[in-house]
Protein chains: 2
Amino acid sequence: MSTRVPAAGPADAAAVPSAPRTARDRVRAEITSEILDAGRRHLATDGAAALSLRAIARELGMASSAVYRYVASRDELLTRLIIDAYDSLGAAAESRQAAAGRSDLPGRFSAVCRAVRDWALANPNEYALIYGSPVPGYVAPADTIGPASRVSDLLVQILADAAARGIGVRAATRGELSQAGRAALAPVLAVLPPEVTDTAIQAGLMVWAGLLGTVSLELFGQFQNVIGEKPGDRDAYFAECVSRWAAQLGIG
Amino acid sequence: MSTRVPAAGPADAAAVPSAPRTARDRVRAEITSEILDAGRRHLATDGAAALSLRAIARELGMASSAVYRYVASRDELLTRLIIDAYDSLGAAAESRQAAAGRSDLPGRFSAVCRAVRDWALANPNEYALIYGSPVPGYVAPADTIGPASRVSDLLVQILADAAARGIGVRAATRGELSQAGRAALAPVLAVLPPEVTDTAIQAGLMVWAGLLGTVSLELFGQFQNVIGEKPGDRDAYFAECVSRWAAQLGIG
DNA sequence: TCTCATTCGCGAGCACCGCTCTCTTCTCCC
DNA sequence: GGGAGAAGAGAGCGGTGCTCGCGAATGAGA
């Protein structure tokens, strides 16, 4: 699937923009991307559950069986759309974060949070696809873990920058971790710059969970009769959350 | 649907344990509950997406069309299972919370948190059904909002008890809300005992989102390569979260 | 330039799904 | 006991994912 032998598999033609040598390869890449586009469109309008290869085939004017020349299965299509979604969210968050000055930690943090929420509100089905319930038999292939971490990487970087400047997590979020708690964080600590302390990671993970939980609650309708629906109410609530999360991270 | 006129609708026969007068009513209630049981079973093993009325009919040895005498549609079955799930989670949380002494606020809070996580780990598909992505065309009927709030009611009660004892939300989570932030909380403030302040509600909602976010991340596999998978790692991380949430609520 | 393997599109078909309709049988109430 | 209504069965409609075999188009090597 991911071997890079000279004769690249046809499935890679779309992903690798380089060298669609023959005309056949070129048209193949084109049709593949048309299929992906149609899938994205259906996903956006009708949700993942309603995504149907037959409907896509109809829309593109081809026989349903022909689609299988380009996409192995419905699951494979879904996987590609998931990667797409992660990348789309990651790109949105990165660009918004970059707009803030590098030294403006609260600004960068707030930019990431708002980017996540805005993207989720604009692309609810994509958000549900990546952060909602996973489809039953489905296990995320390894290809998804890279794009999946783009957003959290931004938060980690903010944490690291804060640590480098000596702005630790305040006592607000209570001191030391238990030994077991520290051990549980071993995998993430292993891949992180050493200046990020375990308590900062603990706080960061909790903020991350809070952010996704908040966005999910809003998006999935659990805020009915809880938070107002007048224009600005949801925004105001989220803004309060963001400022408190920043305080918990000690970058308020 | 919920009128309680003398001649109760047949759909209510299963819900109301009282007076299945005739033998026909009795067998109807029995078959209905068999259908619900089979649905619960399929939901638990295969997930909501794979829930099929035809499969249930096969399992019960009846024609697929016969099931429609008891259940109006697949959506209606799903709705009943959703209510079931809310009630099951609510009952679990209530009983666990009741085990702690009424004055032991940290104990009650921790009991609720752990009850939610334990129930979710034991019933992942049910959890996904109620807190995961909603099925596309589906809108939760009014019947679900009562059972849905059982768990959050417990947390609110803890907050109210804390307020009554003057244990407010600490300065840890930063002081006053903005005016817009307070306005956004109007719906929930309206139905709450007045001793619960707006900052306490803000903190409570954030903890609630954090709890659901944390459980969702763990359940939906987003903790891979982040938190250890050795026995106890996930428990230890969650315990750290709980103690910090309690601190944020000022009941640590 | 010709040839032959590869690729592609198509249609039919299988098994499954939700849901509807009709027809018959059974049961309960008056 | 008879009639109304509930229950069950079966066929059928339109939809799904996916497979298979066929013929046509294509491109690379002789």
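By what turn and what shift along the axis can chain B be laid on chain A? A turn of 180° and a shift of 0.0 Å along the axis achieve this, with an RMSD of 0.1 Å.

This is a predicted model, in which local features need pLDDT of at least 70, side-chain atom pairs count only at pLDDT 80 or more, and totals for chains, interfaces and linings use all residues. Residues are numbered from 1 along each chain as its sequence is written, while chains are lettered from A and ligands numbered from 1 in the order in which they are written.

**View 1. Chains A and B superposed.** The two copies are thus related as by a two-fold rotation axis; superposition is by least squares on the C-alpha atoms of residues with pLDDT of at least 70 in both. The same surface serves both copies, since 100% of the contact residues of chain B recur in chain A (contact: C-beta atoms, placed from the backbone, within 7 Å).

**View 2. The surface near DNA strand C.** Of the 23 residues around DNA strand C, those that come nearest are Met62(A), Ser65(A), Ala23(B), Arg54(B) and Ser65(B) (near: C-beta atom, placed from the backbone, within 6 Å). Elements giving two or more residues to this surface include α2 (23–46) of chain A and α4 (74–99) of chain B (helices: DSSP runs of H or I, at least four residues, numbered from the N terminus).

**View 3. The packing of α4(B) with α6(B).** Helix α6 (residues 124–131) of chain B packs with α4(B) at an angle of about 105°, their axes 9 Å apart (axes: lines fitted to C-alpha atoms over the stretch in contact; angles: 0 to 180 degrees between N-to-C directions). The two helices, α4(B) and α6(B), are therefore roughly perpendicular to each other (65 to 115 degrees). Leu81(B), Ile82(B), Ala85(B), Tyr86(B) and Ser88(B) in α4(B) meet Glu126(B), Leu129(B) and Ile130(B) in α6(B).

Note on methods. Parallel < 35°, antiparallel > 145°, perpendicular 65-115°, else oblique. Contact = placed C-beta atoms within 7 Å.
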